Amino acid sequence: MSIATYTVKGMTCGHCVSSVKEEVSGVAGVTSVKVDLAGGLLTIESEGPVDQAEIAAAVEEAGYELAGRA
C-alpha cells in the first residue's frame, strides 16, 4: 500500500471536495481518497505508487489545480 499527500489549489466548499474525490477515485489503483478543505490537502491511498500526472489530470478534470506534494 502506498500513501501520498498533495496540495490542491482552488477548493472553497463541500462541492469542491466532492468533485475532487469523485475524479481522483477513478484513477487506476487508487483505493481511498481523503480531502481536507481547510488545509487544501488531498491524501490518496493506493495499491502501489500512482503517477502524479494522473492525479493532476483528475484534479484538473474536477476544475482545480494540483500544486504538488505536501
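**Helix α1, two cysteines and a serine**

Guide: On helix α1, the face turned away from the buried side carries the exposed residues H15 and E22. Keep in mind that this is a predicted model.

Visitor: Which residues of α1 are buried?

Guide: They are C16, V17, S19, V20 and V24.

Visitor: How do you know that the buried residues line one face of the helix?

Guide: Looking down the axis of α1, you find its buried residues within an arc of 165°, so they line one face. An α-helix has 3.6 residues a turn, so residues three or four places apart point the same way. The buried residues of α1 pack against β2 (30-36), β3 and α2 (52-61).

Visitor: Why is C16 called buried?

Guide: Buried means under 20% relative accessible area, and C16 has 4% relative accessibility, so C16 counts as buried.

Visitor: And what makes C13 partly exposed?

Guide: Its relative accessibility is 30%. Partly exposed lies between the 20% and 50% cut-offs, so C13 belongs there.

Visitor: Why is there no disulfide between C13 and C16?

Guide: A disulfide needs sulfur atoms within 2.5 Å. The closest cysteine sulfur to that of C13 is in C16, at 3.4 Å, so the pair is too far apart for a bond. The structure holds zero disulfides.

Visitor: What makes S46 in strand β3 a buried residue?

Guide: The cut-off is under 20%, and S46 has 4% relative accessibility, so S46 counts as buried.

Visitor: Which backbone oxygen does the side chain of S46 reach?

Guide: That of G48, at 2.5 Å. Leaving aside residues up to four places away in sequence, S46 touches M1, S2, G29, V30 and T31.

Notes:
Residues numbered from 1 in each chain as written. Predicted model: local features only at pLDDT ≥ 70, side-chain atom pairs only at ≥ 80, totals over all residues. Heavy atoms only, no water. Buried < 20%, exposed > 50% of the residue type's maximum accessible area, 1.4 Å probe, protein only. Polar contact = N/O pair within 3.5 Å; in protein donor to acceptor, adjacent residues only side chain to side chain. Contact = heavy atoms within 4.5 Å. Helix = DSSP H or I, 4+ residues; strand = E, 2+ residues; numbered from the N terminus. Arc of directions from axis to C-beta.
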